[in-house]
Structures are given as structure tokens and as C-alpha cells.
Amino acid sequence: MKRIILLVILVFLSVIPLSGTDCQGLDAWNRYFNDEYFDGRLPHNVEICSRNTDDNKLAVTTLEDHFIITFNTQYRIGGGLEHLILLHEDCHILTWAEKAEHGRDWKNCMKRLDKIGAFNRLLIESFQ
Ligand SMILES: [Zn+2]
């Protein structure tokens with residue numbers, strides 16, 4: 001029951017468009033993903049923001065004294081795509097030491113998310 005209430009709150013937050021630097025809804029989603037899919041292995045101080053990153057990527061992850069996931073404001077991202085991108089970036093954080101940008105470790109992270117149903121839930125089951 002607690003999970004259902006949290007999921008309803010997160011779905012409500014997801015209808016808020018991603019704009020400016022207001023990514024509080026995505027912070028909540030990332031905490032949920034960390035508990036639900038990553039067994040709390042993501043750092044708890046991941047910062048999520050949005051700005052024009054002057055490239056063609058939807059989002060990038062950087063490491064300063066903490067990880068920062070930056071959504072590119074050149075794109076209007078919503079409708080649940082931002083959650084998939086967040087999982088993509090979370091796998092970058094967990095496999096940060098890997099040299100290749102989308103190497104074997106990152107792909108295994110994404111495949112594990114697929115295997116445990118993360119994408120199914122976001123892409124299929126969240127629609128009524
Ligand atoms: Zn990537």
C-alpha cells in the first residue's frame with residue numbers, strides 16, 4: 001500500500017513540466033528508483049537540474065564533489081521520458097569507473113533494470 005501511495009505521488013509530480021532549474025519532482029523519483037531498483041546503492045546527494053547544455057544530449061551526468069544529472073532545456077522532456085532518462089543516467093553513476101561511455105557495465109546495469117521490470121512498469125504498466 002505504501003508503494004502505491006508513493007507511486008501515485010510520483011505520477012502526480014511527473015505531470016509538472018521540467019523547466020528552469022526546478023527538478024524537485026525528479027529528485028523524488030530518483031529517491032524512489034534508488035530504493036526500488038538500486039538497493040540504495042546510488043549516492044544520496046545526487047543533484048538533478050536542468051539547463052542548456054549546448055549539445056545534442058537529452059541529459060548528461062557529471063561528477064564534481066557529487067554527481068549532477070543535468071537535463072538539457074533545449075528539449076521539452078515529459079510524459080515519462082524523463083524517468084527513463086533518469087534510469088539511464090543512474091546507471092552511468094553506478095558504472096562511473098568504466099572507461100567506455102556505454103560499455104559492458106553500463107549495459108549490464110540497464111539490462112538488469114529491464115530484467116527486474118523497471119522499464120515495463122514505466123513504459124507499459126503506468127498506462128491505464
Ligand atoms: Zn548515456
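This is a short walk through the fold of one protein, from its overall layout down to a few single residues.

Okay, housekeeping. What we have is a predicted model, where local features need pLDDT of at least 70 and side-chain atom pairs count only at pLDDT 80 or more, while totals for chains, interfaces and linings use all residues. Residues are numbered from 1 along each chain as its sequence is written.

So, the big picture. The protein has five helices and three strands; these are DSSP runs numbered from the N terminus, H or I of at least four residues for helices and E of at least two for strands. Going along the sequence, you get α-α-β-β-β-α-α-α. Of the 128 residues, 20% are buried, and by that I mean 20 or more other C-beta atoms within 10 Å of the residue's own, with exposed at 12 or fewer, partly exposed in between, and C-beta atoms placed from the backbone. As for contacts, meaning C-beta atoms, placed from the backbone, within 7 Å: among those between residues at least 6 apart in sequence, 43% join residues at least 24 apart.

Now the sheet. It's an open one, three strands in the order 1-3-2, with mixed pairing; two strands pair if DSSP finds at least two bridges between them. Strand 1 (47-51) and strand 2 (59-63) sit at the edges with a single partner strand each, so each has one side without a neighbour in the sheet. On average, neighbouring strands here are turned by 25° against each other, direction ignored. Strand 2 and strand 3, residues 67-72, pair antiparallel over five bridges, and A59 has F71 in strand 3 as its bridge partner.

What lies across strand 2 and strand 3? That's helix 3, residues 81-94, running at about 30° to strand 2. For angles, the axes are lines fitted to C-alpha atoms, for helices over the stretch in contact, and values run from 0 to 180 degrees between N-to-C directions.

Helix 4, residues 104-115, is a nice sanity check. Its twelve residues should span 16 Å at 1.5 Å a residue, and the end C-alpha atoms are indeed 16 Å apart; the expected span is 1.5 Å times one less than the number of residues. After helix 4 comes G117, with a positive phi near 95°.

Last, two non-glycines with positive phi. D39, in the loop between helix 2 (24-37) and strand 1, has phi near 50°. D54, in the loop between strand 1 and strand 2, has phi near 55°. Buried or exposed, then, for D54? D54 counts as exposed because it has 8 C-beta neighbours inside 10 Å, and D39 counts as exposed with 8 as well.

Note on methods:
Contact = placed C-beta atoms within 7 Å.
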